[in-house]
Amino acid sequence: MQSLKVTLILGLFFLFSLVSLALFFNLDGEANFSSLATRSTDATKKNSATGSREFEKSEVISKTDKVENEPSALFNDPAIKQAWGLKKSDAARAWKVTKGSKDIIVAVIDTGIDIHHEDLKDNLWKNPGEIGLDKNGKDKSTNNIDDDKNGYVDDVYGWNFVSNTADLTDNHGHGTHIAGIIGAMAGNQKGISGIAPDVSLMIIKYYDPKVTSTDNLKNTINSINYAIKMGAQIINYSGGGTDYSQDEFDAVKKAEKNGILFVAAAGNERSNSDQFHYYPADYKLSNIISVTALDPSKEVLASSNFGIETVDLAAPGQNIISTLPGNSYGFMTGTSQATAFVSGAAVLVKANKTEFKFDDIKRYILSTGDPSTTLAQKTRTSRSLNLFKSLTILDQGMSANGIVVSTPVNEVFTTKSDAKLNPDSSTGSLFGKSLLEAVQKSNPKPRLGGKKDSQDIP
Ligand SMILES: [Ca+2]
Ligand SMILES: [Ca+2]
Ligand SMILES: [Ca+2]
């Protein structure tokens, strides 16, 4: 009886131990496995950040890995360290893939440029028909003859549609600033580096704060047509207005037909562009990328327009350092600056995949951005620009013949819904307003070549 009791107790104890042991191994083993899996995934991500789409993870990486991610480690340009936007958009790693190409022409339709700027002069496009010597041995660039018969006399670097001359003097600073963000020269121990330090910048002036009696909308349309005529592949347009213009729409559509990507500022009206349209950013055309601006914490600026149907992407736009007239540098804020980031990105993508058409470039830039829940309320893609991913994810998804073989980034967005275009309200747009608002008001104050800009709008 006693031995039966002992056997029973021992048996129960044995059974209990077995169950406990089994439970222990099972649960603990499972827990260990999952935590290991998590760690190895993290480790993999840290070692090869290429495939990671976890934006928070890549943020951490960019703060810890100086060699890989510090833009100033790659180039000796002293002010790069102040260019937070380059760091946040992963420029340093992108530059290891490509720095752009002089074969790619970006038309910067803006307030002109300082053509002599130390950090820009070698990256300016030159009209091949207006350089060299004419049959009389005179310099075509200054012979007062329209040598290439394009309708513009001595248009070497572009054209000024305000004064209808070849004089591109930037009386504001905005155009020089935008040009620098896209394509300032890198590695010259001066200033900054553009997103695409190898590029050709075609300069077209549509706005001048000193000239009030000019039609900025008409100048814009003429500028777009010039960019098309002279072979730009990308147009950067950082202006805009709230009035629809059929002529402007037609010009951007013509650019679309010619395979030109049109990168446009979402505007600084503090408004929802889905309700209050802003043009040309909101035209329903496949070649337009509409860009809004981010602060360093990757939040959309309060001043920036937004819209889950009309605004495509967000990019750095607050306190952006870039070139200003007179070999100077300074900070500006606005969707204009963010737009320039995306134009620079387009150059890099195009340089990396020369066979790409504008729609390929657009698709890759939009789909490879860093996702964010806050951007879901503000943009169509819920994403912010990531230069590196737009180049590397692209590589991974391509077969040898250039066909997209995987579809991680295709068709993830709905098309812009029927934007309430109003062709009847095509009165003169307030072009230039947003551009002036784009000037940073508070610290750090931009230096506009020593000039006080009385037209700043709060
Ligand atoms: Ca000419
Ligand atoms: Ca000439
Ligand atoms: Ca430089």
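**Figure 1. Helix 6 of this predicted model, a run of buried residues.** The residues to look for are H174, G175, T176, H177, I178, A179, G180, I181, I182 and G183, and every one of them is buried. That is 10 of the 10 residues of helix 6 (residues 174–183), so the helix is largely enclosed by the rest of the structure.

**Figure 2. Helix 6 where it meets helix 9.** Which residues of helix 6 and helix 9 meet here? From helix 6 come H174, I178, I181, I182 and G183, and from helix 9 come S336, Q337, A340, F341, S343 and G344. Sorted by class, this contact has 5 nonpolar and 6 polar residues, with no charged ones. As for the geometry, the axes of helix 6 and helix 9 (residues 335–352) come within 8 Å and cross at roughly 35 degrees. The crossing of helix 6 with helix 9 is right-handed.

**Figure 3. Helix 7 alongside helix 8.** Here the axes of helix 7 (residues 216–229) and helix 8 (residues 246–257) come within 9 Å, crossing at roughly 15 degrees. With that angle, helix 7 is roughly parallel to helix 8, because angles under 35 degrees count that way. Zoom in on the contact and you'll find L217, T220, I221, I224, N225 and I228 from helix 7, facing D247, E248, A251, V252, K254 and A255 from helix 8. These residues divide into 7 nonpolar, 2 polar and 3 charged. Left-handed or right-handed? The crossing of helix 7 and helix 8 is left-handed. A bit of background helps when picking out the contact residues: an α-helix has 3.6 residues a turn, so residues three or four places apart point the same way.

**Figure 4. Strand 3, covered from end to end.** Strand 3 (residues 198–205) is mostly covered, and 8 of its 8 residues are buried. On one side you'll see D198, S200, M202 and I204, while V199, L201, I203 and K205 point the other way. Both sets are buried, with D198 and K205 among them.

**Figure 5. Strand 3 and its pairing with strand 1 and strand 2.** Strand 1 (residues 100–110) pairs with strand 3 in the parallel sense, over 7 bridges. Strand 2 (residues 158–160) also pairs with strand 3 in the parallel sense, here over 3 bridges. What stands opposite I109 in strand 3? It's I204, and I204 is also the bridge partner of W159. So if you want a single residue to centre this view on, I204 links to both I109 and W159.

**Figure 6. Y157, a buried loop residue.** Y157 is found in the loop between strand 1 and strand 2. Buried or exposed? Y157 has 23 other C-beta atoms within 10 Å, so it counts as buried, the cut-off being 20 or more. Leaving out residues up to four places away in sequence, Y157 touches I115, L124, W125, K126, L168 and I203. One of these, W125, sits 32 residues apart from Y157 along the chain, yet their C-alpha atoms are separated by 5.7 Å.

**Figure 7. I235 and the company it keeps.** I235 lies in strand 4 and has 29 C-beta neighbours inside 10 Å, so it counts as buried. Setting aside neighbours within four places in sequence, I235 is in contact with A107, I109, I224, A227, A255, I260, F262 and V263. You've met some of these names already: I224 of helix 7 and A255 of helix 8 are both part of the contact between those helices. A264 is worth a glance too, since the C-alpha atoms of I235 and A264 are separated by 8.3 Å, with the two residues 29 apart along the chain.

**Figure 8. Strand 5 next to strand 4.** Strand 4 (residues 234–237) and strand 5 run parallel and are joined by 4 bridges. F262 is the bridge partner of I235 in strand 5. All of strand 5 (residues 261–265) is buried, 5 of the 5 residues, so the strand is largely enclosed by the rest of the structure. L261, V263 and A265 point one way, and F262 and A264 point the other way.

**Figure 9. Zooming out to the whole chain.** The chain has 12 helices and 11 strands. Of its 458 residues, 51% count as buried. Among contacts between residues at least 6 apart in sequence, 72% join residues at least 24 apart.

Conventions
Residues numbered from 1 in each chain as written. Chains lettered and ligands numbered in written order. Predicted model: local features only at pLDDT ≥ 70, side-chain atom pairs only at ≥ 80, totals over all residues. Axes fitted to C-alpha atoms, helices over the stretch in contact; angles between N-to-C directions. Helix = DSSP H or I, 4+ residues; strand = E, 2+ residues; numbered from the N terminus. Parallel < 35°, antiparallel > 145°, perpendicular 65-115°, else oblique. Left-handed = near helix turned anticlockwise from the far one by under 90°. Contact = placed C-beta atoms within 7 Å. Nonpolar A, V, L, I, M, F, W, Y, C, P; charged D, E, K, R; others polar. Buried ≥ 20, exposed ≤ 12 C-beta atoms within 10 Å, placed from the backbone. Pairing = 2+ DSSP bridges.
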